[in-house]
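Biologist: I would like a close look at a single part of this model. Please take one helix, go through its surroundings, and then place it in the whole chain.

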Amino acid sequence: MITGVSTAFFDFLTYPIITFGIPCILYFNIKNASSIKNSIYDFTRLLISWGCGYFGMWSLKWVIGSLLTKENVILDALKTILFRTSHSNGSVSYTFLSTIKLNVCTFFNTPLTLFFIGFCCYNLYKILKKVIDKKTELNKILIMSLPYFMVSLLPFLWYLFTINHSAIHGWLFTYKALGVSLFSLLLLQVKIANIDDSAL
C-alpha cells in the first residue's frame, strides 16, 4: 500500500504498474507457491493493497485540490481519465492490438533482444530436458509458474484500460511496463531450470 501511495505521489502516469510488478515477482520468488489457490489469493491481496494505495492517493489529491483551489478538480480528473482510457485521440483511433504491437515492438527494439531470445531458449531447453527425463513433475512446474504468469500479464491489462495513453506514449515510456513481463518470465525460467527438484 505504501508503494502504491508513493507511486501516485511521485509518478506522472508513466508506467506505474512496474512498482507493483517487480516487488510482487520478488515476493513470489522468495515464497514458493504451495498451491494454485494460495497463489491467486496472495496475488489478489497484494494487488488490492497496492491499488488501494495508488488510487486512494490519487483520489485524495483530487479532493484536497478541490478544497484548496475552490475548483472542481475531481470533475477535471474524471474527464482526463475518460480521455486516457478512450480508443481515440481526436481523429486518430486506436485498438488494443495496435497498442500492444506498438509497445512490444518498441520494447524489443534494443541490442538486448538477441540476448534475451538466446537466454530464453537455453533455459527452456533445460526445463524441457528436466521434464522429459522425468526429473521434475510437470504439475509442480505449473503450480510454481502461475504467479509469474499472472504478474507478467499486468502490463497488457494496463494497456487494455489505458489504450489512449499507452498508444500515444508507447514510443516514449509506456513500453517500459513490459519490463515486468520480461523480469517475471526470466526469473521463472532461471528458477525452474536451476532449482533443486527436491525443493519442488
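The request and a connected reply follow.

Biologist: Please look closely at helix 10. Which residues of helix 10 are buried, and what covers them?

Modeller: This is a predicted model. Start with the frame. The chain has ten helices and two strands. From the N terminus, the order is α-α-α-α-β-β-α-α-α-α-α-α. The C-alpha atoms fill a box of roughly 70 × 35 × 25 Å along the principal axes. Of the 200 residues, 36% count as buried. Take the contacts between residues at least 6 apart in sequence: 81% of them join residues at least 24 apart.

Now helix 10 itself. It covers residues 179-194, which makes 16 residues. At 1.5 Å a residue the expected span is 22 Å, and the end C-alpha atoms are 22 Å apart, so the two agree.

Your first point was burial. The buried residues of helix 10 are Gly179, Val180, Ser181, Ser184, Leu187, Leu188, Gln189, Lys191, Ile192 and Ala193. Lys191 is on that list, and so are Gln189 and two serines, Ser181 and Ser184. A general point helps in reading such a list. An α-helix has 3.6 residues a turn, so residues three or four places apart point the same way.

Your second point was the cover. Several helices contribute to it. Among them are helix 2 (18-30), helix 5 (96-107) and helix 6 (113-132). Helix 7 (138-152) and helix 8 (154-161) also help to cover these buried residues.

Take helix 6 in detail. The axes of helix 6 and helix 10 come within 9 Å and cross at roughly 35°. The crossing is left-handed. On the helix 6 side, the contact uses Phe116, Phe119, Cys120, Asn123, Leu124, Lys126, Ile127 and Lys130. On the helix 10 side, it uses Leu182, Leu186, Gln189, Val190, Ile192, Ala193 and Asn194. By class, this contact has ten nonpolar, three polar and two charged residues. Gln189, Ile192 and Ala193 take part in the contact with helix 6, and these three are also buried.

Next, the core. The largest nonpolar core has 29 residues. Helix 10 supplies at least two of them, as do helix 2, helix 3, helix 5, helix 7 and helix 8. Phe43 and Val151 have the most contacts inside this core. Val151 leads back to helix 10. Leaving out residues up to four places away in sequence, Val151 touches Val180 and Ser184, both buried residues of helix 10. Val151 also touches Gly21, Cys24, Ile25 and Phe43.

Phe43 has a further role. It belongs to the contact between helix 2 and helix 3. Those two helices pack at about 150°, with their axes 11 Å apart. Helix 2 passes helix 3 in a right-handed crossing. Helix 2 brings Thr19, Phe20, Cys24, Tyr27 and Phe28. Helix 3 brings Ser39, Asp42, Phe43, Arg45, Leu46, Leu47 and Trp50. The residues divide into eight nonpolar, two polar and two charged. Cys24 sits in this contact and also touches Val151.

Follow helix 3 further. Gly53 lies in helix 3. Gly53 is buried, with a relative accessible area of 2%. Beyond its neighbours within four places in sequence, Gly53 is in contact with Met1, Gly4 and Val5. Gly53 and Leu97 are 44 residues apart in sequence and 30 Å apart in space, C-alpha to C-alpha.

After helix 3 (36-69) comes a loop that holds Lys70 and leads to helix 4 (73-84). Lys70 has a positive phi of about 60°, although it is not a glycine. The general background is this. Most residues other than glycine have a negative phi. Lys70 is exposed, at 74% relative accessible area.

Two more sites complete the tour. Thr162 is in the loop between helix 8 and helix 9 (163-168). Thr162 counts as buried, at 12% relative accessibility. Sequence neighbours within four places aside, Thr162 is in contact with Arg84 and Thr85. Val92 is in strand 2 (residues 92-93). Val92 is partly exposed, at 40% relative accessible area. Val92 and Ser166 are 74 residues apart in sequence and 14 Å apart in space, C-alpha to C-alpha.

Notes
Residues numbered from 1 in each chain as written. Predicted model: local features only at pLDDT ≥ 70, side-chain atom pairs only at ≥ 80, totals over all residues. Heavy atoms only, no water. Helix = DSSP H or I, 4+ residues; strand = E, 2+ residues; numbered from the N terminus. Expected span 1.5 Å × (residues − 1). Buried < 20%, exposed > 50% of the residue type's maximum accessible area, 1.4 Å probe, protein only. Contact = heavy atoms within 4.5 Å. Axes fitted to C-alpha atoms, helices over the stretch in contact; angles between N-to-C directions. Left-handed = near helix turned anticlockwise from the far one by under 90°. Nonpolar A, V, L, I, M, F, W, Y, C, P; charged D, E, K, R; others polar. Core = buried A, V, L, I, M, F, W, Y, C linked by side-chain atoms within 4.5 Å.
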